[in-house]
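The following exercises concern a single protein chain, shown below. Each task is followed by a solution that proceeds step by step.

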Amino acid sequence: MINLDKYWKNRGLMIEQKYIALIDCDSFFVSCERKLNPRLNGKPVCVVSGERGCVIARSIEAKQMGIPMGHPLFMAKKEFPNCIYINAQHYHYASISQQVMNLLKEFSPTVEVYSIDEAFVDLTGLSKFYKKNYYDLAKYIRDLIAQEVGIPVSVGISRTKALAKLASDKSKNTEDHVYIAGKCGLQRLLKSSQIGEVWGIGRRLEPKLRGHGIYTAYDYVQKNDIWLKSRFGKLGLELKYELLGNVINKVSTETRLPKSIMDTKSFLEFSNDLEFLKNELMVHIHSACRKLRCADCKCKNIGVILKTKDFRVYVEKEELEHSTNFEFEISEVATKLLEKMYSYNTLYRSVGILLENFNPCENEQMDLFCDNKKREQNENLGKALDKLEQKFGRNIVRTGFTNKDVPYKQDFLTKG
């Protein structure tokens, strides 16, 4: 094994001592459902993407039954009738995720939200502040989230983000769901990690690396710099440095704008009713706009997604006159796109909205030829809707876009 301190000293570099944790919520969607309904504790549970969707999250009990991820719901019900299948409630998951992230930000000033159920936390120096070693810190974080939010998490701690990700994966198989890989445990971590488990190694790259005799993370760091850079570029070389314990990608607290926001959901029944499609589209537009406002940004491009009964997908896009995050402005364009795509002779299984080309609200410039007073009123109305939903729950205010009263579909909980 390479001596890290000597390795970097020979290159004129001093290795930066960091302690980075990856906090990963265990079976997050299932854990959220159990928080909402404690009667599900200890039972095999699968969260599915819709009535005609597939399995997107499984409890430990469901995994032990052999239910594969991505399994179509209609097949899962036949093959595993004793499992409980629950329609995904992403709004609730996002709210619970926010509680977890806010708690982590109170614990440490340096938190990078990586996904809805994962966050990197820089623990460097906090051992002295909290008067606990890093193992006790990890257990303290787990207990704090369990008590305050009611969600179980796994914690992996190491010297870099790439190593913390590997440590977090290992922590799921430990009794206390904590795994720490310091200087002494680094070699053991690399040798026990398959190359496909390394952060950034995708399905396409893994076979290529195996073709070069690289089966573990340890095999990867044994390759010399010139060989790695010539075949995998700068990022491939930086990954080696990260696995050796040198911080290349620091934990960042900067809020990153999403590349796109898509909101869609399958209908409970196929439909060719245009008014029903419009109502469903507006539900998704409201949800997407709420996410936009939460990210404090606006979009310039929108797209309408239509999926037919036989799984054909149609997408129509259009650029807006000005960036916005308000439902009524987006719906005006989206409705016209939907009418253009619609065919009475076709049955549809879902409709959705796609938002792209985002700009931070703080960087927005006023338009000389635009009704800026009306835009300000729209923004205030959008914020008011968000506050009402935050206080009283989702869809407490329903916007009447169409004349036809179409009942809103409810989430379901089925067994067998």
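**Exercise 1. Describe the open sheet: state the order of its strands and identify its edges.**

Solution. The model is a predicted one. Step 1: the open sheet has five strands, arranged in the order β5-β6-β1-β7-β8, and the pairing is mixed. Step 2: β5 (111–115) and β8 (178–180) are the edge strands, since each of them pairs on one side only. Step 3: direction ignored, neighbouring strands of the sheet are turned by 15° against each other on average.

**Exercise 2. Determine how β6 pairs with β5 and with β1.**

Solution. Step 1: β5 and β6 are antiparallel and share four bridges. A hairpin of two residues connects β5 to β6. Within this pairing, V113 has A119 of β6 as its bridge partner. Step 2: β6 (residues 118–122) also runs antiparallel to β1, to which it is joined by five bridges. Here L22 stands opposite F120 in β6.

**Exercise 3. Locate the helices that pack on the sheet, and test the length of α5.**

Solution. Step 1: helix α5 (residues 90–107) lies across β1, β5 and β6, and runs at about 160° to β5. Step 2: helix α8 (residues 161–171) packs on the sheet as well, touching β1, β5, β6, β7 (153–158) and β8. The direction of α8 makes about 140° with that of β7. Step 3: α5 has 18 residues, which at 1.5 Å a residue should span 26 Å; the C-alpha atoms at its ends are 26 Å apart, so the two values agree. Step 4: the buried residues of α5 include Y93, I96, S97, V100, L103, L104 and F107. In general, residues three or four places apart in an α-helix point the same way, because there are 3.6 residues a turn.

**Exercise 4. Is I20 buried or exposed, and which residues does I20 contact?**

Solution. Step 1: I20 belongs to strand β1. Step 2: its relative accessibility is 1%, so I20 counts as buried. Step 3: when neighbours within four places in sequence are left aside, the contacts of I20 include F120, V121, G156, I157, A164 and V251. Step 4: the C-alpha atoms of I20 and L123 are 5.7 Å apart, although 103 residues separate the two along the chain.

**Exercise 5. Classify the aromatic pair Y19 and Y134, then the pair F129 and Y130.**

Solution. Step 1: the whole structure contains 14 aromatic pairs. Step 2: the ring centres of Y19 and Y134 lie 4.1 Å apart with the planes at 15°, so this pair is stacked. The pair links distant parts of the chain, for Y19 is in the loop between α1 (4–9) and β1 (20–25), while Y134 is in helix α7 (residues 134–148), 115 residues apart. Step 3: Y19 is partly exposed, at 31% relative accessible area, whereas Y134, at 15%, counts as buried. Step 4: F129 and Y130 are 5.0 Å apart centre to centre, with 85° between the planes, and are edge-to-face. F129 is exposed at 61% relative accessibility, and Y130 is partly exposed at 21%. Step 5: F129 and Y130 belong to one aromatic cluster together with F107 and Y140.

**Exercise 6. Which lysine lies over the face of F120, and which has its charged end over the ring of Y218?**

Solution. Step 1: over the face of F120 lies K161, at 5.1 Å from the ring centre. Step 2: over the ring of Y218 sits the charged end of K191, 4.8 Å from the centre.

Conventions
Residues are numbered from 1 along each chain as its sequence is written. This is a predicted model: local features need pLDDT of at least 70, side-chain atom pairs count only at pLDDT 80 or more; totals for chains, interfaces and linings use all residues. Side-chain values use heavy atoms; hydrogens and water are left out. Rings of Phe, Tyr and Trp (its six-membered ring) pair if their centres lie within 6.5 Å; planes under 30 degrees apart count as stacked, over 60 as edge-to-face and the rest as tilted. Buried means under 20% relative accessible area, exposed over 50%, partly exposed in between (1.4 Å probe, protein chains only). A charge sits over a ring if NZ of Lys or CZ of Arg is within 6 Å of the ring centre and within 35 degrees of the ring normal. Two strands pair if DSSP finds at least two bridges between them. Axes are lines fitted to C-alpha atoms, for helices over the stretch in contact, and angles run from 0 to 180 degrees between N-to-C directions. Contact means heavy atoms within 4.5 Å. The expected span of a helix is 1.5 Å times one less than its number of residues.
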